[in-house]
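Please take a moment to look over the chain shown here before reading on. The paragraphs below lead from the sheets to the side chains packed around them.

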Amino acid sequence: AHLQVKNLAFCKQRVFEKTHVGYCASLINQAGVKFLLKLIEEEKEANVTSKDQKIEQKPELDKKIISSDIVCKCMSDRSTESPECKSCTMFELRAFTGVFVSAHTSVTFLAEVNLPEDKHMYRFAMIYPSGEILLKKCHREVFKSRYVFVTHTAKDQDIWIKTGLGLGFCQLRTKSPALTRLSPEVTYDVFVDCWSARHLLPKQAIEIKLTVPEFKDNYSKTSANRHELMKLSRSVWLNPHLQLDVQPPEVTLQEMNLISISMRNTSSEMVVLPTNNPLCYVTTLLSLDHVEVILKRKVKEQNQNSKAVITVI
C-alpha cells in the first residue's frame with residue numbers, strides 16, 4: 001500500500017524497511033460499510049459548518065467603495081441633459097456666498113450641499129433647478145464632499161442671490177461629465193470675437209465680446225455651453241490705456257462660450273483692438289485650489305464684519 005507520511009521533525013528523517021507504521025483492517029464487510037457511511041456524514045457536516053463560518057466572517061463593505069448593489073443606473077450617466085431620477089435621493093443646494101447676476105448674463109459661483117457621511121465617496125453630481133432660481137442643468141465635480149459650482153442665468157432683470165438661499169438640488173454621480181474638464185494648469189489665449197466692437201473712443205467704456213478659439217470650436221461641434229468660471233489676466237498685446245472692469249478677475253463663459261467684459265479707454269485718443277494677437281489669457285477656476293481661496297475669502301470677510309461690529313459697540 002502507498003501511504004503519505006508527514007515529517008514533523010526539524011531535519012530530514014529516513015524510514016527504514018520493515019518499520020512499523022500502523023495497522024490495517026478490511027472494510028469489505030458490514031462494519032466497513034458503517035464506517036464509510038459515518039465518514040461521509042461527518043464530511044457533510046464539516047462542509048456545512050465551513051460555509052456558515054464563511055457567511056458569518058464576511059467582511060463589511062468599505063464605506064469608500066461604491067458597491068454595485070447600491071448604484072442606480074442614472075448614477076453612471078455622464079450626460080448634462082439626464083433627467084432627474086425619481087428613485088435617487090435629492091440633496092438641497094444653497095448659495096455659499098451672496099452673488100449678483102446682471103440681466104441677460106450667466107454667473108458661475110460656489111454652492112454648498114450637506115451630504116451624509118456615507119455619500120462622501122461620490123465625486124460628481126448632476127445639478128437641477130427648482131423654484132425661482134434658474135440654475136443651469138450641469139454635471140459638476142464635488143469638492144471636499146460639500147461644495148459644488150453652479151451656474152445661474154438671469155433673464156430680463158438683475159438678481160441678487162443671498163447667502164444660504166436655496167438654489168435647487170443635486171443627485172450624485174459615479175462618473176465624470178462627458179464634457180472634457182479643463183485643467184487649472186493650462187492657459188488659453190483670448191481674442192476679440194469677430195462680432196464684437198473693436199474701436200474705443202477717448203474716455204469711452206464699452207462691452208467687448210471675447211472668445212477662446214478652442215471653446216468656440218467645441219461649441220460649433222457640440223452646441224454645449226461650458227459656463228466655466230475662469231480667471232482673466234491681461235496679455236502684453238493689450239493697450240496699457242485700456243482698463244478691464246473685472247474685480248476680482250473672475251469671469252463666466254456666456255452663451256456660445258463667449259466672454260463679455262467692460263473695457264474702458266483712459267487715453268485721449270481712439271484705440272483699436274488687435275484681432276491677430278490675444279488680448280487676455282484665461283485659466284479655469286473650477287478646482288480645489290479656488291474652493292480654498294473662496295473659503296479663506298469668506299473667513300476674512302466674517303472677521304472684518306465682526307471687527308466692525310465691535311468698533312460700533
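What follows is a walk through a predicted model, taken one region at a time.

A good place to begin is the sheet formed by six strands, which close into a barrel in the order 1-3-6-5-4-8 with antiparallel pairing. On average, and with direction ignored, neighbouring strands of this sheet are turned by 45° against each other. Strands of a sheet pair through backbone hydrogen bonds, either parallel or antiparallel. One of the pairings here joins strand 1, residues 91–95, to strand 8, residues 166–173, in the antiparallel sense over four bridges, and within it Glu 92 stands opposite Phe 169 of strand 8.

Which residues of the largest nonpolar core touch the most other members? Among its 29 residues, these are Leu 93, Phe 109, Ile 127, Val 150 and Leu 167. At least two core residues each come from strand 1, strand 2 (99–101), strand 3 (106–113), strand 4 (124–129), strand 5 (138–143), strand 6 (147–153) and strand 8, and strand 3 supplies the largest share, four residues. When residues up to four places away in sequence are not counted, Ile 127 touches, among others, Leu 93, Leu 135, Cys 138, Val 148, Val 150 and Phe 169. In soluble globular proteins, nonpolar side chains tend to be buried together.

A second sheet, this one open, holds seven strands in the order 13-15-11-9-17-12-14, again with antiparallel pairing. Strand 13 (242–244) and strand 14 (250–252) stand at its edges, and because each has a single partner strand, one side of each is left without a neighbour in the sheet. Here too, neighbouring strands are turned by 45° against each other on average, direction ignored. The partner of strand 14 is strand 12, residues 229–234, and the two pair in the antiparallel sense over three bridges; in this region Met 230 has Val 251 of strand 14 as its bridge partner. Helix 2, residues 213–222, lies across strand 9 (188–192), strand 11 (205–211) and strand 12, and runs at about 80° to strand 9.

The aromatic rings offer another way to follow the chain, and a search of the whole structure finds four aromatic pairs. One of them is the edge-to-face pair of Phe 96 and Tyr 147, with 5.3 Å from centre to centre and 80° between the planes. This pair links distant parts of the chain, since Phe 96 lies in the loop between strand 1 and strand 2 while Tyr 147 belongs to strand 6, 51 residues apart. Phe 96 and Tyr 147 are both buried. The rings of Tyr 188 and Phe 215 have centres 5.0 Å apart and planes at 50°, so this pair is tilted. Tyr 188 lies in strand 9 and Phe 215 in helix 2, so the pair ties together parts that are 27 residues apart in sequence, and both residues are buried.

The cysteines remain. Why does the structure hold zero disulfides, when the cysteine sulfur closest to that of Cys 74 is in Cys 88? The two sulfurs are 3.4 Å apart, which is too far for a bond, because a disulfide requires cysteine sulfur atoms within 2.5 Å. Cys 74 is buried, with a relative accessible area of 14%, and Cys 138 is also buried, with a value of 8%.

Definitions and conventions. Residues numbered from 1 in each chain as written. Predicted model: local features only at pLDDT ≥ 70, side-chain atom pairs only at ≥ 80, totals over all residues. Heavy atoms only, no water. Pairing = 2+ DSSP bridges. Axes fitted to C-alpha atoms, helices over the stretch in contact; angles between N-to-C directions. Buried < 20%, exposed > 50% of the residue type's maximum accessible area, 1.4 Å probe, protein only. Contact = heavy atoms within 4.5 Å. Core = buried A, V, L, I, M, F, W, Y, C linked by side-chain atoms within 4.5 Å. Phe/Tyr/Trp six-rings, centres within 6.5 Å; stacked < 30°, edge-to-face > 60°.
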